[in-house]
Structure formats: structure tokens, C-alpha cells
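User: Can you walk me through this model? I'd like the fold, the strands and the pocket.

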Amino acid sequence: IMLGAPEAGWHLEFTHCRHHPVTPSPGDEDLLVLYYPQQAAWEAQCAAMDAAGFLRVTAFNPYWEVNGVTFVDRDGYSTVLQNRAWGMVCD
């Protein structure tokens with residue numbers, strides 16, 4: 001699966017190989033962080049993560065707990081949904 005915007009200079013790829021499986025080895029600071037500045041959009045995305053079966057966990061770094069929720073997938077990788085705009089400074 002490839003995710004990205006056509007005008008962006010980046011994309012994310014999520015790959016799977018049936019012939020050469022790799023054992024995931026996520027670390028505590030291996031994070032995908034997505035920013036949702038609007039409260040309603042952030043809440044909707046958190047609900048979508050819940051509905052998709054991701055588990056809510058406490059972030060290893062307490063910084064991510066201030067304005068966000070951390071989710072973990074079945075492989076143990078974490079995604080943080082932040083309820084703020086990219087680049088905002090927290091108090």
C-alpha cells in the first residue's frame with residue numbers, strides 16, 4: 001500500500017512479502033506521527049483507529065501524551081495522532 005498526496009514530495013509504503021517474511025523489531029521511538037489540528041477531525045481519526053483494531057497505549061515518551069493518543073498495530077509499531085498543527089510549540 002502506498003500513501004501520499006500527488007503534489008507531495010514524499011509517500012509511505014507498507015509492504016508485505018509472502019516469500020521472505022521479516023520479523024518486525026519496533027523500538028520505543030519508532031513512531032509515525034500524524035497531526036490533526038481540528039478537534040473533530042482528530043477525534044474522528046482516533047475513532048477510526050479504534051474501529052480498525054489498533055490498541056491505545058501509553059507513549060514511551062510522555063511528550064506525545066500531552067496532545068495526542070498513541071496506537072500500536074499487530075506488529076508492535078506505534079502511530080501517534082496529535083491534536084495540534086505541525087510545528088506548534090507545547091507549553
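Analyst: We start with the overall layout and then go into detail.

User: What should I know about the model before we start?
Analyst: This is a predicted model, so local features need pLDDT of at least 70 and side-chain atom pairs count only at pLDDT 80 or more, while totals for chains, interfaces and linings use all residues. Residues are numbered from 1 along each chain as its sequence is written, and side-chain values use heavy atoms, with hydrogens and water left out.

User: OK. What secondary structure does the protein have?
Analyst: One helix and six strands. Helices (H or I, at least four residues) and strands (E, at least two) are DSSP runs, numbered from the N terminus.

User: And in what order do the elements run?
Analyst: From the N terminus, β-β-β-α-β-β-β.

User: What box do the C-alpha atoms fill?
Analyst: Roughly 45 × 35 × 25 Å, along the principal axes.

User: How much of the protein is buried?
Analyst: Buried residues are 19% of the 91 residues. Buried means under 20% relative accessible area, exposed over 50%, and partly exposed in between (1.4 Å probe, protein chains only).

User: Let's do strand 6. Which strands does strand 6 pair with?
Analyst: Strand 3 (residues 31-35) runs parallel to strand 6, with five bridges. Strand 5 (residues 68-72) runs antiparallel to strand 6, also with five bridges. Two strands pair if DSSP finds at least two bridges between them.

User: Which residues stand opposite each other there?
Analyst: On the parallel side, Leu32 faces Thr79. On the antiparallel side, Gly68 is opposite Gln82, and Val69 is opposite Leu81.

User: Is strand 6 enclosed or open, and why?
Analyst: Largely enclosed by the rest of the structure, because five of the five residues (78-82) are buried. Ser78, Val80 and Gln82 point one way, Thr79 and Leu81 the other way, and all are buried.

User: What about strand 5?
Analyst: Strand 5 is also largely enclosed, because five of its five residues are buried. Both faces are covered: Gly68, Thr70 and Val72 on one side, Val69 and Phe71 on the other.

User: Where does strand 4 come in?
Analyst: Strand 4 pairs with strand 5 in the antiparallel sense, over three bridges. Val57 stands opposite Thr70.

User: Is Thr70 buried or exposed?
Analyst: Buried, because its relative accessible area is 2%. The C-alpha atoms of Thr70 and Pro26 lie 14 Å apart, with their positions 44 residues apart in sequence.

User: Now the hairpin of strand 5 and strand 6. Which residue takes a positive phi?
Analyst: Gly76, near 95°. The hairpin has five residues between the strands.

User: Where is Arg74, and is it buried or exposed?
Analyst: Arg74 is in the loop between strand 5 and strand 6. Arg74 counts as exposed because its relative accessible area is 87%. Arg74 and Pro24 are 50 residues apart in sequence and 10.0 Å apart in space, C-alpha to C-alpha.

User: Switching topic. How many salt bridges are there in the whole structure?
Analyst: The search finds one. A salt bridge is a side-chain nitrogen of Lys or Arg within 4 Å of a carboxyl oxygen of Asp or Glu.

User: Which side chains meet in it?
Analyst: Asp50 and Arg56, at 2.8 Å, N to O. Asp50 is partly exposed at 35% relative accessibility, and Arg56 is partly exposed at 46%.

User: Now the largest pocket. What is its volume?
Analyst: About 1000 Å³. Of its 30 lining residues, the closest to the centre are Phe14, Thr15, Asp73, Asp75 and Tyr77. Strand 2 (12-13), strand 3, helix 1 and strand 6 each give two or more residues to the lining.

User: How is a pocket defined?
Analyst: On a 1 Å grid over the protein atoms alone, a pocket is an open set of points where a 1.4 Å probe fits, with protein on both sides within 12 Å along at least five of seven lines; lining residues have an atom within 4 Å of a point. The volume is the space filled by probe spheres set on the points, and grid points are joined across faces, edges and corners.

User: Last one. Which residues make the nonpolar surface patch?
Analyst: Ile1, Leu3 and Phe14, over about 340 Å². Patch residues have over 30% relative accessible area and no salt bridge, and nonpolar side chains (Val, Leu, Ile, Met, Phe, Trp, Tyr) are joined within 5 Å, like charges within 9 Å. Accessible areas come from the Shrake-Rupley method with a 1.4 Å probe; for residues, only the protein chains shown count as cover. Ile1 sits in the segment before strand 1 (2-3) and is exposed at 72% relative accessibility.
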